[in-house]
Amino acid sequence: MVILITFLFLTFASLGSAAPASRDRVTSAPAVVSNEQVHDWLHLWQKRLHLEDWKVEVKIVRIWDLEQGTLGHIDWSVPHKTAVIKVLNPADYELPRDRVPADMELSIVHELVHLHLSALPLKEVLA
Ligand SMILES: [Zn+2]
């Protein structure tokens, strides 16, 4: 019985130490910003920019889904009052981890400002 308990203990002890090691081997950086967080920012800034009558979606995308050198993108339809915002996945950011969330929020604001201006005739110039 003592042998069995010792065996179980060693088994659990080795499982316990294996977990952090296997996490270290993951090559892609873990997301530091959740989908929930980007949706919260979206709703907050939609309200602040008086864009509540727009149906806006926000998606966290990989670097290959954005134009080179950009951190975000927005497509919109004025007649439908719908828009889709894409923001760069934290895994593809070159900033220090702690600076990524604020930058993603700023990207959402930047893209919403495009939408804010979309009703103006200058739209083509500003896009
Ligand atoms: Zn822009």
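Strand β3 (82-88) is a good place to start: five of its seven residues are buried, so β3 is largely enclosed by the rest of the structure. Buried here is a matter of counting: a residue is buried if 20 or more other C-beta atoms lie within 10 Å of its own, exposed if 12 or fewer, and partly exposed in between, with C-beta atoms placed from the backbone. Helices (H or I, at least four residues) and strands (E, at least two) are DSSP runs, numbered from the N terminus.

Before going further, please keep in mind that this is a predicted model, in which local features need pLDDT of at least 70 and side-chain atom pairs count only at pLDDT 80 or more, while totals for chains, interfaces and linings use all residues. Residues are numbered from 1 along each chain as its sequence is written.

**The strands**

β3 has a partner on each of two strands, where pairing requires that DSSP finds at least two bridges between them. With β1, the pairing is parallel and runs over seven bridges. Within that pair, Lys59 stands opposite Lys86, and Ile60 has Val87 as its bridge partner. With β2, the pairing is antiparallel over six bridges, and Trp76 is bridged to Ala83.

β1 (55-61) shows a neat alternation. Val56, Val58 and Ile60 point to one face and are buried, whereas Lys55, Glu57, Lys59 and Val61 point to the other and are not.

**Helix α2 and what it packs on**

Helix α2 covers residues 35-48, and its 14 residues reach 20 Å from first C-alpha to last, close to the 20 Å expected at 1.5 Å a residue. That expected span is 1.5 Å times one less than the number of residues. Its buried residues are Val38, Trp41, Leu42, Trp45 and Gln46. They cover an arc of only 130 degrees around the axis, which puts them on the same side of α2; the arc is that of the directions from the helix axis to the C-beta atoms. The face turned away from this buried side carries the exposed residues Glu36, Asp40, Lys47 and Arg48.

What does the buried side of α2 pack against? The buried residues of α2 pack against β1, β3 and α3 (100-117). Contact means that the C-beta atoms of two residues, placed from the backbone, lie within 7 Å.

**The core**

The largest nonpolar core has 17 residues, and those with the most contacts inside it are Val38, Leu42, Val58, Ile85, Val87 and Ile108. Such a core is a set of buried Ala, Val, Leu, Ile, Met, Phe, Trp, Tyr and Cys residues joined through C-beta atoms within 7 Å. The elements giving two or more residues to this core are α2, β1, β3 and α3, and α3 gives the most, with five. Val58 offers a handy view of the packing: leaving out residues up to four places away in sequence, Val58 touches Val38, His39, Leu42, Ile85, Val87 and Ile108.

**Two loop residues and a histidine in α3**

Most residues other than glycine have a negative phi, and most peptide bonds are trans. Two residues that are not glycine take a positive phi here, as the table shows.

| Residue | Phi | Loop | C-beta atoms within 10 Å |
|---|---|---|---|
| His50 | about 55 degrees | between α2 and β1 | 9 others, exposed |
| Lys81 | about 55 degrees | between β2 (72-77) and β3 | 14 others, partly exposed |

Lys81 belongs to the hairpin of β2 and β3, which has four residues between the strands.

His110 lies in helix α3 and counts as partly exposed, with 16 C-beta neighbours inside 10 Å. The C-alpha atoms of His110 and His73 are separated by 9.1 Å, although these residues are 37 apart along the chain.

**The whole chain**

Four helices and three strands make up the secondary structure, in the order α-α-β-β-β-α-α from the N terminus. Of the 127 residues, 18% count as buried. Among contacts between residues at least 6 apart in sequence, 65% join residues at least 24 apart.

How confident is the predictor? The mean pLDDT, the predictor's confidence in each residue from 0 to 100, is 80 for the chain, and 69% of its residues reach 70 or more. Over residues 7-23, pLDDT stays under 50, and the model has zero contacts there beyond four places in sequence. Where pLDDT is low, the predicted coordinates should not be read in detail.
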